[in-house]
Amino acid sequence: ALDRTLARLRPDVIHLHNLHGGIGAGWSPALLATAAAHASVAWTLHDMWPITGRCVYNQGCTRYLSHCDAACPSARSYPALPADLVGPAFEARRIALAGAPQSVAITPSRWMAAQAQQGIWANQRVVHIPNGVPLATYAPLERSSARRALGLPPGGPYVLVAMPHLADERKGAATLRTLGATTNLPPYTLLTMGAGAPPLLSGLHTIHLGYLTDEAQRALAYAAADLLLHLAPEDNLPNTVVEALACGTPCLALPVGGLPELVQPGVTGWLAAEATAVALLAALPTALNAIRAGQTLRDNCRTTAVAHYDLRLMTQRHLELYGRLQDAG
């Protein structure tokens, strides 16, 4: 069906994204070969699925650097695949890439670019283009005004946790559940934004904003918060952090994936000393005390977003790449 559609459309460039979102419909890395038969192809690596046998993040496993196989330690994790099919799936990616040598990987983070270039994308072109956000929508707003607009009581500090679903383990649900048991912290109010109900956190004042589909409402949530607490144990270049920085809100995160590219200690936020939940929660008092002392980092966050994560800049970079691909094709 894709082959017939592309033959009719005759595109100049084909841009692939999260193919694993269509596994249930029969999508696979073989779509790369189908697309490459019609035009130049770019593939944005939103996660590690295009460079592994099946996983979206490797969870410390390095088999993808040589060959994923049935010894996959996370075959039952999303997107699940029977262990005996992991090796053939990895080989299918290798074959698809070998058959499309002119294809280009686009990576939102430099970290993802490095992962791709160490593995089966080593012989392909890899281009780093950070994701951008609409800076007119995600913009600084006086915090008291944002809080009033959301019906939040005055005071603070407010710490925001933003996840697609608050029970998603891949986004840090386990760490979220431990926040109430964390002691020796300055007082703060936790804001949660996402689907599902927040866990009951004894002794911690929590306000749940729900799953906000309206971007203007999400921008209000970021602007109302003094700090975004990013809990994910693995990530690429998370939009939640980019959006928060654009609103002038610093972030506390783990030193994993592309987070160190976004969160510069003392400039746009704070990083945990190591990639563990314990280290992340140990860094929370430092961030809260700095905020109470007046270290808001608002101007730094906005300046960083304007310089690197403007949606218009992202668009320009893609159009330039499409032009080069069209000329090469």
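Strand β1 (residues 13-16) and strand β2 of this predicted model run parallel and are joined by 4 bridges, where helices (H or I, at least four residues) and strands (E, at least two) are DSSP runs numbered from the N terminus, and two strands are taken to pair if DSSP finds at least two bridges between them. Within this pairing, V13 has S40 of β2 as its bridge partner. On its other listed pairing, β2 is joined to strand β3 (residues 104-107) by 3 bridges, again in parallel, and here W43 is matched with A105 of β3. Residues are numbered from 1 along each chain as its sequence is written. Because the model is predicted, local features need pLDDT of at least 70 and side-chain atom pairs count only at pLDDT 80 or more, whereas totals for chains, interfaces and linings use all residues, and side-chain values use heavy atoms, with hydrogens and water left out.

The connections between these strands pass over helices. A right-handed β-α-β unit is made by β1, helix α2 (residues 30-36) and β2, and a right-handed β-α-β unit is also made by β2, α3 and β3; a crossover is called right-handed if, with the strands pointing away from the viewer, the path from the first strand over the helix to the second runs clockwise. Strand β2 (residues 40-44) is mostly covered, with 5 of its 5 residues buried, the classes of accessibility being buried for under 20% relative accessible area, exposed for over 50%, and partly exposed in between (1.4 Å probe, protein chains only). In a regular strand the side chains alternate between the two faces of the sheet. In β2, both faces are covered, since S40, A42 and T44 on one side and V41 and W43 on the other are all buried.

Helix α3 (residues 83-98) contains F90, which is buried with a relative accessible area of 0%. Leaving aside neighbours within four places in sequence, F90 is in contact (heavy atoms within 4.5 Å) with I51, T52, G53, Y64, S66, H67, C68 and I120. Of these partners, S66 lies 24 residues from F90 along the chain, and the two C-alpha atoms are separated by 9.8 Å.

C68, one of the contacts of F90, is itself buried at 8% relative accessibility, and C61 likewise counts as buried, at 15%. A search of the whole structure finds 0 disulfides, a disulfide being a pair of cysteine sulfur atoms within 2.5 Å. The sulfur of C61 is 6.3 Å from the closest cysteine sulfur, that of C68, and is therefore too far for a bond. C68 is in no disulfide either, the nearest cysteine sulfur being that of C55, 6.1 Å away.

Side chains of opposite charge can pair when their charged atoms come close. The structure holds 7 salt bridges, each defined as a side-chain nitrogen of Lys or Arg within 4 Å of a carboxyl oxygen of Asp or Glu. One of them joins R94 and E91, with an N to O distance of 2.4 Å; both residues lie in helix α3, 3 residues apart, about one turn of the helix. R94 is partly exposed at 38% relative accessible area, and E91 is partly exposed at 25%. A further salt bridge links R63 with D69, the closest N and O atoms being 3.6 Å apart, and R63 is partly exposed at 31%, as is D69 at 31%. In the salt bridge between R177 and E169, the closest N and O atoms are 2.9 Å apart, with R177 partly exposed at 46% and E169 partly exposed at 43%.

Helix α6 (residues 173-178) includes T175, which is buried with a relative accessible area of 11%. Leaving aside neighbours within four places in sequence, the contacts of T175 are L231, A277, L280 and L281. Helix α10 (residues 277-292) has 16 residues, which at 1.5 Å a residue should span 22 Å, and its end C-alpha atoms are 23 Å apart, which agrees; the expected span is 1.5 Å times one less than the number of residues. The buried residues of α10 include A279, L280, L281, A283 and L284, and what covers the buried residues of this helix includes α6, β5 (158-165), β8 (227-229), β9 (251-253) and β10 (269-271). Just after α10, G294 takes a positive phi of about 100°.
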